[in-house]
Amino acid sequence: MKTTIKQIGSHENEEVTIGAWLANKRSSGKIAFLQLRDGTGFIQGVVVKSDVGEEAFQQIKEISQESSLYVTGVVKADDRAPSGYELGVTGVEVIHEAVDYPITPKEHGTEFLMDHRHLWLRSKKQHAVMVIRNEIIRATYEFFNQEGFVKIDPPILTGSSAEGTTNLFHTKYFDEDAYLSQSGQLYMEAAAMAFNKVFSFGPTFRAEKSKTRRHLIEFWMIEPEMAFMDHEESLELQEQYVSFIAEAVLANCAQELEALERDTGALEKIQAPFPRISYDDAVAFLQKEGHEIEWGEDFGAPHETAIAEAYEKPVFITNYPKDIKAFYMKPHPDRDDVVLCADLIAPEGYGEIIGGSQRIDDEALLQQRYDEHNLSADAYQWYMDLRKYGSVPHSGFGLGLERTVAWIAGIEHVRETIPFPRLLNRLYP
Ligand code: 4AD
Ligand code: MG
């Protein structure tokens with residue numbers, strides 16, 4: 001019976017065959033332990049010399065790391081095994097012998113591992129991170145489907161920018177200029193007017209000369225946009241969504257969290273509602289803590305971390321000054337120096353995982369912003385149309401997938417949370 005490691009539990013005490021790679025091995029005179037992986041999981045194969053015979057035992061002992069195999073054996077329950085099972089091996093067929101696999105069980109430097117990212121993905125830790133990433137994506141679709149959202153795909157090649165012009169990737173679009181999307185938001189606003197509640201999930205690009213543990217050049221964003229929803233309602237949706245993700249990973253990725261030695265107690269605390277602090281109060285708090293920051297300045301990583309450390313859950317920082325936020329944010333009804341927006345800061349120093357706001361819905365005010373920001377009337381005409389024809393209050397937000405995976409999985413640097421990271425100094429592999 002052919003099966004996979006993930007399915008192996010339904011074949012207890014049966015003989016099965018799995019296609020696998022040899023991740024690692026150790027042996028003594030009479031017994032060999034094969035660490036097998038098949039992409040769906042990891043399992044230990046136990047080879048006993050007296051069971052398979054002298055010749056087969058010697059051959060199995062010689063198999064090199066990452067050789068591909070068909071392994072046949074009897075499935076045995078084993079409480080000590082992370083998967084709960086091990087395989088009593090009865091036979092091994094080598095499909096392809098790997099020679100001198102570069103990533104050995106010893107420690108390697110990060111640059112070396114990044115150069116071999118196409119192989120590094122096979123390792124237990126990287127595998128666990130990608131399974132958690134996949135679970136967050138799956139839970140995202142489940143959450144927004146159950147909330148009645150329609151998935152809409154905004155374009156990647158665009159003729160205008162959503163988040164300012166300083167970090168745009170420029171390309172030619174035949175004879176025109178084009179940019180890789182920084183955010184699908186403006187298109188999602190159009191979609192919300194057509195489908196009410198929508199979300200997107202796709203790659204976004206920022207030509208940022210930042211080399212920090214939180215920045216990627218290409219990253220994936222989830223961008224919900226909701227018609228007839230104000231800022232406060234959007235915050236409630238955000239905290240429910242993030243709680244849902246944390247709960248899904250805890251429920252469905254126990255083995256992966258264990259492989260990563262993630263403190264699950266910290267994740268269990270991630271339950272709505274989340275605390276909120278206004279930008280004004282955050283500045284006062286930071287000043288009291290001895291940080292050099294003035295009202296009107298944007299927060300850097302140390303500021304965000306200091307604020308996050310005051311809470312066990314993610315914290316919303318609300319109502320930033322209008323001058324440090326995007327042109328489309330709606331002013332606060334009582335003061336025009338701050339806008340109806342919030343950044344959600346993850347605990348444990350992982351930084352901003354969500355940026356969101358209520359959007360300007362008034363045509364005259366949006367025109368004023370176009371003028372202040374020198375936005376070309378041509379490129380943004382279609383966006384103004386949304387305020388001309390049945391404008392409604394609406395809000396939305398963007399969650400950065402890689403920062404969220406880093407936080408949930410407890411990974412120091414976002415480069416390990418995307419299969420093939422695009423970094424300031426890296427376009428290979
Ligand atoms: O705060 P940002 O720039 O917001 C927007 O793009 C809005 N248009 C979203 C919206 O309202 N629809 O980006 C949103 C999130 C950030 O909170 C962060 O998690 C992530 O995207 N992000 C990055 N992640 C990795 N590398 C980068 N260079 C990132 N820049 C932003
Ligand atoms: Mg932001």
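A molecule sits in a pocket if more than half of its atoms lie within 2 Å of the pocket's grid points. The exercises below apply this to a predicted model.

**Exercise 1. Place ligand 1 in the structure: which pocket holds ligand 1?**

Solution.
Step 1. Apply the criterion above. Ligand 1 sits in the second largest pocket.
Step 2. Take the volume. The second largest pocket has about 1,000 Å³. Its lining counts 42 residues, and the closest to the centre are Glu163, Arg206, Glu208, Glu352 and Arg403.
Step 3. Sort the lining by class. There are 14 nonpolar, 14 polar and 14 charged residues.
Step 4. Find the secondary structure behind the lining. At least two residues each come from β11, α11 (301-308), β15, β16 and α14 (401-409). The top contributor is β15, which gives 6 residues.

**Exercise 2. Describe the shell around ligand 1: how many residues surround ligand 1?**

Solution.
Step 1. Count them with a cut-off of 4 Å between heavy atoms. The shell has 22 residues.
Step 2. Pick out the closest. They are Glu163, Gln185, Arg206, Glu223 and Glu352.
Step 3. Split the shell by class. It holds 7 nonpolar, 7 polar and 8 charged residues.
Step 4. Assign strands. β11 (218-227), β15 (351-358) and β16 (394-400) each provide at least two shell residues.

**Exercise 3. List polar contacts of ligand 1: which residues place a polar atom 2.9 Å or 2.6 Å from an atom of ligand 1?**

Solution.
Step 1. Set the cut-off. A polar contact is a pair of N or O atoms within 3.5 Å.
Step 2. Look at the oxygen atoms of ligand 1. A polar side-chain atom of Glu352 is 2.6 Å from one oxygen atom. For Arg206, a polar side-chain atom lies 2.9 Å from an oxygen atom of the ligand.
Step 3. Turn to nitrogen. A polar backbone atom of Leu216 lies 2.9 Å from a nitrogen atom of ligand 1.
Step 4. Check the cover. On its own, ligand 1 has 620 Å² of accessible area, and the protein covers 93% of this.

**Exercise 4. Compare the linings of the cavities: how many cavities of 30 Å³ or more does the structure hold?**

Solution.
Step 1. Count them. There are 2.
Step 2. Take the volumes. The largest cavity encloses about 70 Å³. The second largest has about 30 Å³.
Step 3. Read the lining of the largest cavity. Among its residues are Thr158, Ser160, Ala162, Leu168, Gln182 and Tyr187. By class, this lining has 5 nonpolar, 6 polar and no charged residues.
Step 4. Do this for the second largest cavity. Arg213, Arg214, Tyr350, Arg403, Ala406, Glu412 and Val414 line it. Here the split is 3 nonpolar, no polar and 4 charged.
Step 5. Trace Arg403. Arg403 lines the second largest cavity. Arg403 is also one of the residues closest to the centre of the second largest pocket.

**Exercise 5. Audit the backbone: which residues does a cis peptide bond join?**

Solution.
Step 1. Start with Ala272 and Pro273. Their peptide bond is cis, with omega about 0°. Pro273 belongs to the loop between α9 (264-268) and β12 (276-278).
Step 2. Move to Tyr428 and Pro429. A cis peptide bond joins them too, with omega about -5°. Pro429 falls in the segment after α14.
Step 3. Inspect phi. Asp100 is not a glycine, yet its phi is positive, near 55°. Asp100 lies in the loop between β5 (85-96) and α3 (110-115).

Methods: Residues are numbered from 1 along each chain as its sequence is written. Chains are lettered from A and ligands numbered from 1 in the order in which they are written. This is a predicted model: local features need pLDDT of at least 70, side-chain atom pairs count only at pLDDT 80 or more; totals for chains, interfaces and linings use all residues. Side-chain values use heavy atoms; hydrogens and water are left out. A polar contact is a pair of N or O atoms within 3.5 Å; within protein, one must be able to donate a hydrogen and the other to accept it, and residues adjacent in sequence count only if both atoms are side-chain atoms. Accessible areas come from the Shrake-Rupley method with a 1.4 Å probe; for residues, only the protein chains shown count as cover. On a 1 Å grid over the protein atoms alone, a cavity is a set of points where a 1.4 Å probe fits but cannot get out, and a pocket is an open set with protein on both sides within 12 Å along at least five of seven lines; lining residues have an atom within 4 Å of a point. Helices (H or I, at least four residues) and strands (E, at least two) are DSSP runs, numbered from the N terminus. Ala, Val, Leu, Ile, Met, Phe, Trp, Tyr, Cys and Pro count as nonpolar, Asp, Glu, Lys and Arg as charged, and the others, Gly among them, as polar. Grid points are joined across faces, edges and corners, and a volume is the space filled by probe spheres set on the points.
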